[in-house]
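Subject: Structure handover

Hello,

Here is the structure I promised to pass on. Please open it beside this message and read along.

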Amino acid sequence: MFDVNGYEFLILLVVGIVVLGPERLPEYAAKLARFVQQARGMASGARESLREQMGPEFDDIDWAQYDPRRYDPRRIVREALLEPFESGDPQDDDKPVTATMAAVAPAQVFDPSKPVPWDAEAT
């Protein structure tokens, strides 16, 4: 949870002994233990409350898909380009569509055999 290794724990222990002193250290350690138990109890209570409110759908949710570490914009773009293009026009249903055709609008396709029209508003 806090990723504290052995050396860091020893340093924290020494700092705690120096700052709090050996008389008050057990008292604060007990308070910390109670706080951790209460926090765990609140977290499990919130989880159970959420499970009760959501019903059986709670167990069906794949929580791993919401992990921000799995977000890969390259994968999202690749999947978007490779999924089939649907124009909504029934005449286009029999035409094969490639990923590049689906990604580029027809007005953006450059044809070198045609002259490029001069756009006076762009200057």
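Which elements of the protein have the lowest and the highest mean pLDDT? Helix α4, residues 99-103, has the lowest, at 50. Helix α1 has the highest, at 87. Keep in mind that this is a predicted model. The protein averages a pLDDT of 75. Of the residues, 68% score at least 70. Where pLDDT is low, the predicted coordinates should not be read in detail.

Overall layout

The protein has 123 residues. Its secondary structure comes to four helices and zero strands. Along the sequence the pattern reads α-α-α-α. Helix α1 covers residues 6-54.

Buried residues make up 2% of the protein. The exposed area comes to about 11,700 Å². Carbon and sulfur atoms supply 61% of that area.

The nonpolar patch

Look next at the start of the chain. Val4, Tyr7, Phe9, Leu10, Leu12, Leu13 and Ile17 form a nonpolar patch on the surface. Together they have about 730 Å² of accessible area. One of them, isoleucine 17, lies in helix α1. Is isoleucine 17 buried, partly exposed or exposed? It counts as partly exposed, because its relative accessibility is 38%, between the 20% and 50% cut-offs.

Salt bridges

How many salt bridges are there? The count comes to five. Three of interest follow.

- Glutamate 27 and lysine 31: the closest N and O atoms are 3.5 Å apart. Both residues lie in helix α1. They are four residues apart, about one turn of the helix. Glutamate 27 has a relative accessible area of 42%, so it is partly exposed. Lysine 31 is at 39% and also counts as partly exposed.
- Arginine 51 and glutamate 48: their side chains meet at 3.4 Å, N to O. This pair is in helix α1 too. The two are three residues apart, so about one helical turn separates them. Arginine 51 is partly exposed, at 29% relative accessibility. Glutamate 48 is partly exposed as well, with a relative accessible area of 38%.
- Aspartate 67 and arginine 69: here the closest N and O atoms are 3.0 Å apart. Aspartate 67 counts as partly exposed, at 24% relative accessibility. Arginine 69 is exposed, because its relative accessible area is 72%, over the 50% cut-off.

Lysine 31 and the ring

Lysine 31 deserves a second look. Besides its salt bridge with glutamate 27, lysine 31 lies over the face of tyrosine 28. The distance to the ring centre is 5.1 Å.

And how many aromatic pairs does the structure hold? It holds zero.

Where to begin

Start with helix α1, which has the highest mean pLDDT among the elements. Isoleucine 17 of the nonpolar patch is there. So is the salt bridge pair glutamate 27 and lysine 31. Arginine 51 and glutamate 48 are in that helix too. Leave helix α4 for later; its mean pLDDT is 50.

Best wishes

How values were computed
Residues numbered from 1 in each chain as written. Predicted model: local features only at pLDDT ≥ 70, side-chain atom pairs only at ≥ 80, totals over all residues. Heavy atoms only, no water. Patch = residues over 30% accessible without salt bridge, like charges linked within 9 Å, V, L, I, M, F, W, Y side chains within 5 Å. Areas by Shrake-Rupley, 256 points an atom, 1.4 Å probe, with all protein chains shown as cover. Salt bridge = Lys/Arg side-chain N within 4 Å of Asp/Glu carboxyl O. Buried < 20%, exposed > 50% of the residue type's maximum accessible area, 1.4 Å probe, protein only. Phe/Tyr/Trp six-rings, centres within 6.5 Å; stacked < 30°, edge-to-face > 60°. Lys NZ or Arg CZ within 6 Å of the ring centre and 35° of its normal. pLDDT = per-residue confidence, 0-100.
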